[in-house]
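The following report works through one chain, region by region. Please keep the sequence and the coordinates open while reading.

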Amino acid sequence: MDPWLVWLIVALVLAIAEIFTLTAALGMLAVAGFVTAGTAAIGLPVPGQLVVFSVVSAAGVVLARPAARRMMLQPRLERFGIEALVGSSGYVLREVNGHEGLVRIRGEDWTARPYDESIVIPAGATVDVLHIDGSTAVVYPRE
């Protein structure tokens, strides 16, 4: 089997694996495989092919690392999960006191307690979610 065909098959396998795993590393290796297949097709000997594969792989890491690092260090623009509930408003379904309560936040019913234990929030009131403590929303009445 010709060396360029072997490199082409390796590159295709890595590219397909990249599609399923979504890791940039396999994609960079696939690119290195395609470049190496091209050099093999023009007649570069096997030791040269290995050097080309190594250099292109290393170049991919060197070029991709700064971009990946920038993306990892950027703060998330959107909050997800319970973090997204903090700061939103809710509607009191059942009176909220220091021991129990029920509020509807973004269409979901949450057990609730007031931020200040001495406050009693009547049903029908609007509250602001200060934070989530486990499965309980800590709320404060909107004035």
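## The loop at His99

His99 sits in the loop that connects S1 and S2. This is a predicted model, and the positions discussed here should be read accordingly. With a relative accessible area of 80%, His99 is classed as exposed, because the cut-off for that class is over 50%.

His99 can also be placed against a residue from an earlier part of the chain. Its C-alpha atom is separated by 57 Å from that of Val62, and the two residues are 37 apart along the chain. Val62 belongs to a stretch, residues 46-64, that the unreviewed UniProt entry annotates as a transmembrane region.

## Annotated membrane stretches

The unreviewed UniProt entry gives the annotation "transmembrane region" to residues 7-34 and to residues 46-64. In the model, residues 7-34 are 93% helix and 0% strand. The C-alpha atoms at the two ends of residues 7-34 are 7 Å apart. Residues 46-64 are 100% helix and 0% strand, with end C-alpha atoms 27 Å apart.

Helix H1 covers residues 3-21, and Ile9 is part of this helix. Ile9 also contributes to a nonpolar surface patch of about 620 Å², together with Met1, Trp4, Leu5, Val6, Val10 and Val13. Is Ile9 buried, partly exposed or exposed? Its relative accessibility is 40%, so Ile9 counts as partly exposed.

## The C-terminal domain and its barrel

Residues 83-141 carry the annotation "domain: NfeD-like C-terminal" in the unreviewed UniProt entry. The chain over residues 83-141 is 53% strand and 0% helix, and its end C-alpha atoms lie 19 Å apart.

A barrel is closed by five strands, which follow the order S1-S2-S3-S5-S4 with mixed pairing. On average, neighbouring strands of this sheet are turned by 55° against each other, direction ignored. Strands of a sheet pair through backbone hydrogen bonds, in either a parallel or an antiparallel sense.

## Strand pairings

S1 (residues 89-94) and S2 (residues 102-105) run antiparallel and are joined by four bridges. Within this pairing, Gly90 has Ile105 of S2 as its bridge partner. S1 is also joined to S4, again antiparallel, by three bridges. Here Tyr91 stands opposite Thr126 in S4.

S4 pairs in turn with S5 (residues 136-141), in the antiparallel sense and over six bridges. One of the partners in this pairing is Ala137 of S5, which is matched with Ile132. The hairpin of S4 and S5 has two residues between the strands, and Gly134 takes a positive phi near 70° in this hairpin.

## Salt bridges

How many salt bridges does the model contain? The count comes to four. Among them is the one between Arg104 and Asp109, whose closest N and O atoms are 2.8 Å apart. Arg104 is partly exposed, with a relative accessibility of 39%. Asp109 is likewise classed as partly exposed, at a relative accessible area of 43%.

Arg113 takes part in a salt bridge with Glu117, at an N to O distance of 3.5 Å. Another salt bridge links Asp133 to Arg113, at 3.0 Å from N to O. Asp133 is in strand S4 (residues 126-133) and Arg113 is in strand S3 (residues 108-114), so this pair ties together parts of the chain that are 20 residues apart in sequence. Through shared partners, the salt bridges join Arg113, Glu117 and Asp133 into one network.

The members of the network can be compared with the accessibility classes, in which buried means under 20% and exposed means over 50%. Arg113, at 22% relative accessibility, is partly exposed. Glu117 is also partly exposed, with a relative accessible area of 42%. Asp133 counts as partly exposed at 42% relative accessibility.

Definitions and conventions:
Residues numbered from 1 in each chain as written. Predicted model: local features only at pLDDT ≥ 70, side-chain atom pairs only at ≥ 80, totals over all residues. Heavy atoms only, no water. UniProt positions renumbered as here; feature names shortened; annotations may be inferred. Patch = residues over 30% accessible without salt bridge, like charges linked within 9 Å, V, L, I, M, F, W, Y side chains within 5 Å. Areas by Shrake-Rupley, 256 points an atom, 1.4 Å probe, with all protein chains shown as cover. Salt bridge = Lys/Arg side-chain N within 4 Å of Asp/Glu carboxyl O. Buried < 20%, exposed > 50% of the residue type's maximum accessible area, 1.4 Å probe, protein only. Pairing = 2+ DSSP bridges. Axes fitted to C-alpha atoms, helices over the stretch in contact; angles between N-to-C directions.
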